Amino acid sequence: MNWSDIGTIAPVVASVLVAAAILIVDLALPNRRQAVIATALGGLGVVAAVILLQAGHAGSAFGGAYSLDNLTVFLDAIFVAIAVLTILFGVDYIEPRGLPIAEFAAILVFAVTGAMLIAGSTDLVLLFVALELMVLPGYVLAGFARRDPYSTEGAIKYFLLGSFSSAILLFGLAYVWGITGTTRVDGVAAALAKVAAGGSIQPGLAMGLAFMSAGVAFKMAAVPFHYWTPDAYQGSPTPITAYLSVGPKVGAFAIALRLFVGALGPLRADWLPVVIVLAAVTMTLGNLVAISQDNVKRMLAYSSIAHTGYILVGLAAYAGGQHSGLSAILFYGAAYTFMNMGAFAVVAALQRQPGVSSQIATFAGLGRRDPWLGALMAVFLLSLTGIPPLAGFWAKAYVILAAVQAGGWLTALAVLAMVNAAAAAFYYLRVVVYMYMREPAEELRPSSPGLLFRVGLGVTCVLTVVFGLFPAIATAATNAAGVFGG
Amino acid sequence: MPIGDSIPLIGIRWDDVLFVALAATLLVSALLVVTLRDIIRCGLALIASFASLAGIYVLLGNPLVAATQVLVYIGAISVLVLFAIMLTQTKNAPARLVFQTQTLAAAVAAVVIAVVITATVLATTWPSAGQRLWTSTTDVAHLLFHDYVLPFEVVSVLLTAAVIGGVYLARREISKDGENR
Amino acid sequence: MTYLIPLIPLLPLAGFVVTGLLGRQMGRESHQIAVWAVAASWAVAMVVAFAALAHGFGIGDGAGITLWNWIPALGFKAEMGFYVDALTGCLLIVVTTIGMLVHIYSIGYMAHDPGKWRFFAYLNLFMFSMLLLVLADNFLLVFAGWELVGLCSYLLIGFWYPRRSAAVAAKKAFLVNRIGDMGFALAIMAIWTQLGTLNMQAVFKLVEGGGLSSTWIAVVALLLFCGAVGKSAQFPLHVWLPDAMEGPTPVSALIHAATMVNAGVYLVARCNPIFGAAPGVMVVVAAIGIFTAVLAASIAFTQTDIKRVLAYSTISQLGYMFAALGVGAWTAAIFHLMSHGFFKGLLFLGSGSVIHAVGDEQDMRKMGGLARKIPITYVTMLIGSVAIAGVPPLAGFFSKDEILGGAFKSGFLWVWAIGFVVAGMTAFYMFRLMGMTFWGPSHVDPEVEQHIHESPTTMTRPLILLAIPAAALGLLIGFPPESGLLHQWLAPVFEATIAAGGRTEAAYSFFGIDGGLAIVTTGLVAIAIIAAWRLFGVDMPAIGLHAEPRPDQVREVSARRGLDFLYRGSAAKWWFDDLNNLLFVVWGGRLAGAVWWFDRVVIDGTVNGVGTVTTQAGLRLRRVQTGHVQNYALGIAIGLIAMALGYFLIAVR
Amino acid sequence: MSGSLDSYLVLSGLLFAIGTFGFLARRNAISMLMSIELMLNAVNLTVVAFGAFVPALKTHAAVIALLVIAVAAAEATVGLALVMAIYRNRKTPLVDEYDSMSE
């Protein structure tokens, strides 16, 4: 360890310091929530600045355990954005319910630190430890409203299943480690390249792959490892649901990129069929079940499962030999982050007053009761549907195009993705219909969220539209970040 | 070793005897953990299985891990578990309250997993040295603070975060939370 | 001039944003900004359109403007750009003119609706989307407009959402359209993977240069046609349009008659180099088109809801247009598109005026004798009906004549024959509509009858303004036939495709085949009109028709007439009535009944069935989510085992 | 017997399966936690066994095992805290009674 190592992992160090600073400020100035929020946002601003300073640089630290490349920078930037947005959306929701801001912010920053570590880790052990750092605070966040039975119930289900899957993932990692003899990603890749050149793989390695695939599929909520998603999402406080729906998901895809693309890349012909099946089942089932949901949070949970399926199409395209699949995944991740957080944020805005449920009836007449909120929700939902020219359209277009380019079975997968995208319109637009074509059952006061919240909503909306109108802005970054490792 | 490598007369190696004994203890106590109806006894069986596992680590030439196993698992985690059992006041209960309705399916799934793993292990040729290697603690320390220093640091952050989160969740309420869904 | 192009869609977009966000605060004046935005857009569009028409652009040399490079990634070139040539110009004229008039009409029609601002915001958004679709220079942007018009249509059909039927209709329209949209999306994929560009003119150049194998051309053309079938409500995706009549009448006029439904026709015409190179697909287009035309016309026979008659009529006329495209009569299709846009827009707005007058009643059986009470509506609708029926010298005569002539002369005799019959049917059902609505005795509820009044001037003026092109457009741009102004304008767009098809067009011969066809068609139309007039227009106390005037209860009426044989005044009259009866009412009615049954039960049933099955599957799958964490864990364990087995299978491969 | 990697790996596999069974079959959240601990121990046994028989992995195994033990401790902390929290709300540690969000 030396100073240049510290420089390479500077964003991670910075965000650990931010978490510490939040707790210290809270101890030093009790009951001064503005100070805590300012510390959190300011600190994350510094982290963002550090990440931007790193842009364009490359390097590795700690003997190759951590790599700084364009992928790291891109993912770090997304994670910081997620953290900032979660805090912006969270304050308005956490406060009226008497929950502590400082713990919320600190735990969130810890989780994001884990995610950022995943982005840069090129060592299997570091990858696992970073994953745990991302998900363990996530369990706490899911149960953050600790007096609320729904919140704790969702959290314990998330925790139990999450630990179960962690054990499975770890078991697989142990086998891969035992066979390849190293934990460094490049070393694993080199060892596996030899294996791949030698023809068929050993049963032990196959089992390791299976356990790892199952573990990662759980973290990204792919069918049939998705069961935790609806309950955890529905139970969690809504801004935290917004975080859970994007943070751990993008994190899981970061693992997929580092682990499956980086370390297991040489075996991609072996995991390609698995990813194809996972993608097909995931998007189809997610959409089918989302259609029959009456709770918007739960509906968005199932839709997030479907989105996992679409992103997996990009991964399959990569495995099918189309490198652009990787930049497609990254673009999808960015677009999905903003539009999905925005959608959850609107739900959170409605639930600002305690006691308001996320049933679809709550949205009846929103378009007239609250034209701005309704319009924003419409934009997010249309983007999630994939209607041009919004970000979600390009996200879907890129993964599907990459799959089409790869050809073979992937063409069928691309067509299935399009069928699914068409079917998904049904349930997204159902909410639009409720907003604009239903009279509200009971007169609710228009919710007037605070300044921070409005800033957050504005940012997500602007990005959703801008990524749609000028996708080139993002593709420059995703294309650069899509070429990493080998 | 002064008493020789194997048991006199029968010719079975001491190591093998130890291994069989420890492995049997481990599996039996683990089975007890998942089948006993009294959860306190489950906890005690858990401690037994942790202990026998520590013995196996010694057998595998890894006394450091064995020591950590005793300290952390028996010394800390088991105690936490026992505390949690006390706090939730769970009592001895009839089987139908202890086991899920899906126990049979669970058993089948577990057996299938066991078979899959066993078959896989036996079907694979491992890059094995064919003999046990002894791990020196100095090497471990060197490696931990050299190759693995970053994961090590991250684990410390992880423990901090876990403690903060755990304390937040488990401490008694002061203010009243709102409800939400 | 090119710098004016972006203004055309952007003005309505601005109107949408302002009206959508601030409309509620503007109260009664909420329509102002929307209407002025569209009017300004119309003015600009007129300048652009006539400049383009006068210039005579061919393929690839139209006036284009690129705003910015949309996506540079993936070796992929698609620009945010607009392109204007003569074809665009024709569409611009129809879309902006009718759009503007519908906006003005809506001021009166929606005056008392509390959601007026919302309505105008949606209308503006629709105008933006439609103009985007028409002006786009690449397939992706067309697709964007394509999806957006579908969305607006959805919002506007369901505008009166408290009516459950409106919400259901909106959903159905959207879902059926999505099926077609998928075809379009697949076509875009295919084009992109094969040619590497999505710029339409570049694609056409490549296709003409032989850059695409004939199989792929056929695939792309078929997929594009799928999209067109959905949007233009052709068989078997036509089921949404009649239900779409649940929306406010101006919406029906604008979206479901004059503009959006034309998008499919526009797309096929725009892609004429692709379709021209796929003769097999052209036959499919012609077949689907003419089949839809006769199917919808036969259903229109027995409908009693005034707007539904017009809806089926629209489907039928769109079928005509596709038939024209299919036989290679490109210009005739666009000609019919324009003339149909005007007279069908007129008819819908007129029907809106009627519905307005009789207190929101849409059932024609409860109308009748309205001619004197709402004279302006009556006269303008009569002009529209005469025009659609194809009576010379109104617009419909010229455009229909060109389609039939084109089919006949290109050797598609079957298309001509069916089209000929449909021409007669069209005249019949339109005058049935006129008869039941305006002529004969009144069957209006006496209480409502006292309040019947002509609509306000904001509503009647658009009717008068639309009646002018409905009457005169044919003479103006379609005379002399096949060499009129429109032909000169559009020649550069289509000449290459026509030449490549190897079909040399014979000159139009007044005193030869063309004149003969025109006379035959006109004769049939005349007979049909007279038949309808006799059947639905005349008060016949002798047979008790005025007492129980239910022309749709076909068998009952005819049975009565058989008994009343002796009471008849003259044999000639009897013969005439009965023939009509037999031809158009009994047989036609039975046939139409059968078609109606097929349409409702089989096709509609399939559409609804797919939805039900999907929802049911969702509900079943949802039950997996029991809430018990161990059940989830067991699912994960089973997934893990399955995955392990999968990997073993791959490993031993 | 004790001299072959296979026997240790099979042992760890059996332990993992027993843990899985406990996780799937027990109703008590704490029992499920204990089962997860068994599974993590199985992983550790795998790691240490590999370290004891594969020369290249010799020392690494101990380090990884130590890190896994630490992670397990962190997981146990959070898990038991969550059990406490939900016990306060629901007055039962039986997980299958937490089903207010089924379907």
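**Exercise 1. Find how many residues chain B and chain D each bring to their contact.**

Solution. Chain B contributes 85 residues and chain D contributes 71 residues, with contact meaning heavy atoms within 4.5 Å. Before going on, note that this is a predicted model, in which local features need pLDDT of at least 70, side-chain atom pairs count only at pLDDT 80 or more, and totals for chains, interfaces and linings use all residues. Residues are numbered from 1 along each chain as its sequence is written, chains are lettered from A and ligands numbered from 1 in the order in which they are written, and side-chain values use heavy atoms, with hydrogens and water left out.

Next, take the area. About 6900 Å² is buried between chain B and chain D, and carbon and sulfur atoms give 76% of that; buried area is the accessible area (1.4 Å probe) that two parts lose on being put together, summed over both.

Then look at polar links. Zero salt bridges cross the interface of chain B and chain D (a side-chain nitrogen of Lys or Arg within 4 Å of a carboxyl oxygen of Asp or Glu).

**Exercise 2. Classify the ring pair A:Tyr227 and C:Tyr632 and place each ring.**

Solution. Start with the search: over all chains, the whole structure holds 40 aromatic pairs. Rings of Phe, Tyr and Trp (its six-membered ring) pair if their centres lie within 6.5 Å; planes under 30 degrees apart are stacked, over 60 edge-to-face, the rest tilted. For A:Tyr227 and C:Tyr632 the centres are 5.6 Å apart and the planes at 15°, so this pair is stacked. A:Tyr227 lies in the loop between α9 (203-219) and α10 (228-235) of chain A, and C:Tyr632 in helix α25 (residues 629-651) of chain C, so the pair joins two chains. Helices (H or I, at least four residues) and strands (E, at least two) are DSSP runs, numbered from the N terminus. Both A:Tyr227 and C:Tyr632 are buried (under 20% relative accessible area; exposed is over 50%, partly exposed in between; 1.4 Å probe, protein chains only).

**Exercise 3. Do the same for C:Phe225 and C:Phe322.**

Solution. Their ring centres are 5.7 Å apart with planes at 70°, so the pair is edge-to-face. C:Phe225 sits in helix α8 (residues 214-231) and C:Phe322 in helix α14 (residues 306-326) of chain C, 97 residues apart, so to speak linking distant parts of the chain. C:Phe225 and C:Phe322 are buried.
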